[in-house]
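User: I would like a close look at a single part of this protein, with enough of the surroundings to place it. Please take the model below and go through it with care.

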Amino acid sequence: MTVPVKTAKKPDKDNGTLRREVLAMVEASSCRLTPGELRKRLFGKNVVDEKALKTAISDLISSQELKYTYQLGCSFLEKSYEKPTRVSRRVVLKPPDMVYEPVSGDIVIDILKGASFGFGDHPTTRLAIQGIETVLSENHGILEDDNSRALDIGTGSGVLAIAAVLMGIRRAAGIDIDSCSRAEAQKNIQINGLEHRINILDTSVEDIKETYSLITANLRYPTLMQLCLHIAKITQKKGAVVVSGIKSDEVEDLLERFTRNGF
């Protein structure tokens, strides 16, 4: 005679744990994730409690931690920036009409949600801000210069220039060929009270002759490769360059090009 034996079912993850795992996965991803891709990354081939996963995602959207975006018929889950959000160890981005109580050392930047690229809801923007923070915390010589200047190429919303100045750079300039971006950057600079320290210019980078302590460029790989030589010319000897917007398989070529030009 065979006696059926019931084994104890492995307890499902509680909703709080699952929410944290979903949020961490979305934040850590270098590309946007569809719900299906998120499920595969979280659980692989294991059986998934679909109801629990949908509840966790729904809760994160309700609390404005995540949001759905849509492109070419696909739905993606992305981190929401409709509330104060920490994008680096020190920098918090927030909409101007929301209250945030900063902790010691916080740099809070008010950014309007506009049409231009670079509000902070894109991974390359967050990486660029983290790069600026790393450079200015490790290269103290830049901040010791009373005439330190930053140049943000393709400034978009102006957030990188604003971050650089609030981290200690004395003055900054943002350049962009798009008039909408320049107008939105100017508004964000005014909101943060930095009109006397940041200028937004309708100038091509090739026409820039001054040298800078810090240059930021959140641009695509072909543009960065093309501008490398001129960026080298306008970077001060002990200055630094922060680039973002590149894919993993483009890093080696870009590093080789910049190294060949004196970095």
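Which residues does Ile198 touch, not counting residues up to four places away in sequence?

Analyst: Please bear in mind throughout that this is a predicted model. Ile198 touches Ala161, Ile162, Val165, Ala172 and Ile189, once residues up to four places away in sequence are set aside. The residue itself lies in strand β8, which covers residues 198-201, and because its relative accessible area is 2%, under the 20% cut-off, Ile198 counts as buried. Of the residues it touches, Ala172 deserves a separate word: Ile198 and Ala172 are 26 residues apart in sequence, yet their C-alpha atoms are 4.7 Å apart in space.

The surroundings of this strand can be followed through Ile169, which lies in the loop between α6 (159-166) and β7 (171-175). At 0% relative accessibility, Ile169 also counts as buried, since that value is under 20%. Leaving aside its neighbours within four places in sequence, Ile169 is in contact with Leu136, Ile142, Leu143, Ser148, Arg149, Ala150, Ala164, Arg197 and Leu214. For a sense of distance across the model, Ile169 and Asn46 are 50 Å apart, C-alpha to C-alpha, with their positions 123 residues apart in sequence.

One of the contacts of Ile169 is Leu136, and Leu136 is in turn among the buried residues of α4, so it is worth turning to that helix next. Helix α4 has 16 residues and reaches 22 Å from its first C-alpha to its last, close to the 22 Å expected at 1.5 Å a residue. Its buried residues are Thr124, Thr125, Arg126, Ala128, Ile129, Gly131, Ile132, Glu133, Val135 and Leu136, a list that includes Arg126 and Glu133 alongside Ile129 and Val135. These buried residues pack against α1, β4 (91-94), α5 (140-144), α6, β9 (212-218) and β10.

Helix α4 also takes part in the largest pocket, which has a volume of about 870 Å³. That pocket is lined by 33 residues, of which Ser30, His122, Pro123, Thr124 and Ile246 lie nearest its centre. The elements that give two or more residues to the lining are α1 (15-28), β2 (74-79), α4 (123-138), α8 (221-234) and β10 (235-244), and α4 gives the most, with 6 residues. In kind, the lining residues divide into 15 nonpolar, 9 polar and 9 charged. Thr124 therefore appears twice in this account, as a buried residue of α4 under the 20% cut-off and as one of the residues nearest the centre of the pocket.

Strand β2, which also contributes to that lining, leads to another group of residues. Thr69 is found in strand β1, and with a relative accessible area of 16% it is buried. Leaving aside its neighbours within four places in sequence, Thr69 is in contact with Arg32, Cys74, Ser75, Phe76 and Glu78. Thr69 and Ser80 are 11 residues apart in sequence and 9.9 Å apart in space, C-alpha to C-alpha. The place of Leu72 is in the loop between β1 and β2, where at 82% relative accessibility Leu72 counts as exposed, and its phi is near 50 degrees, a positive value in a residue other than glycine. Gln64, in the loop between α3 (50-62) and β1 (66-71), likewise has a positive phi, near 65 degrees, but at 36% relative accessibility Gln64 counts as partly exposed.

Helix α2 (residues 35-43) holds Phe43, which is buried with a relative accessible area of 14%. Apart from neighbours within four places in sequence, Phe43 is in contact with Leu18, Val48 and Leu53. Phe43 and Asp145 are 51 Å apart in space, C-alpha to C-alpha, and 102 residues apart in sequence.

As for the whole, the protein has 9 helices and 10 strands, and its C-alpha trace spans about 90 × 45 × 40 Å along its principal axes. Of its 263 residues, 43% count as buried, Ile198 being one of the buried residues. Among contacts with a separation of 6 or more, residues 24 or more positions apart account for 59%.

Definitions and conventions: Residues numbered from 1 in each chain as written. Predicted model: local features only at pLDDT ≥ 70, side-chain atom pairs only at ≥ 80, totals over all residues. Heavy atoms only, no water. 1 Å grid on protein atoms, 1.4 Å probe; cavity = no way out; pocket = protein on both sides within 12 Å on 5 of 7 lines; lining within 4 Å. Points joined across faces, edges and corners; volume = space filled by probe spheres on them. Helix = DSSP H or I, 4+ residues; strand = E, 2+ residues; numbered from the N terminus. Nonpolar A, V, L, I, M, F, W, Y, C, P; charged D, E, K, R; others polar. Buried < 20%, exposed > 50% of the residue type's maximum accessible area, 1.4 Å probe, protein only. Contact = heavy atoms within 4.5 Å. Expected span 1.5 Å × (residues − 1).
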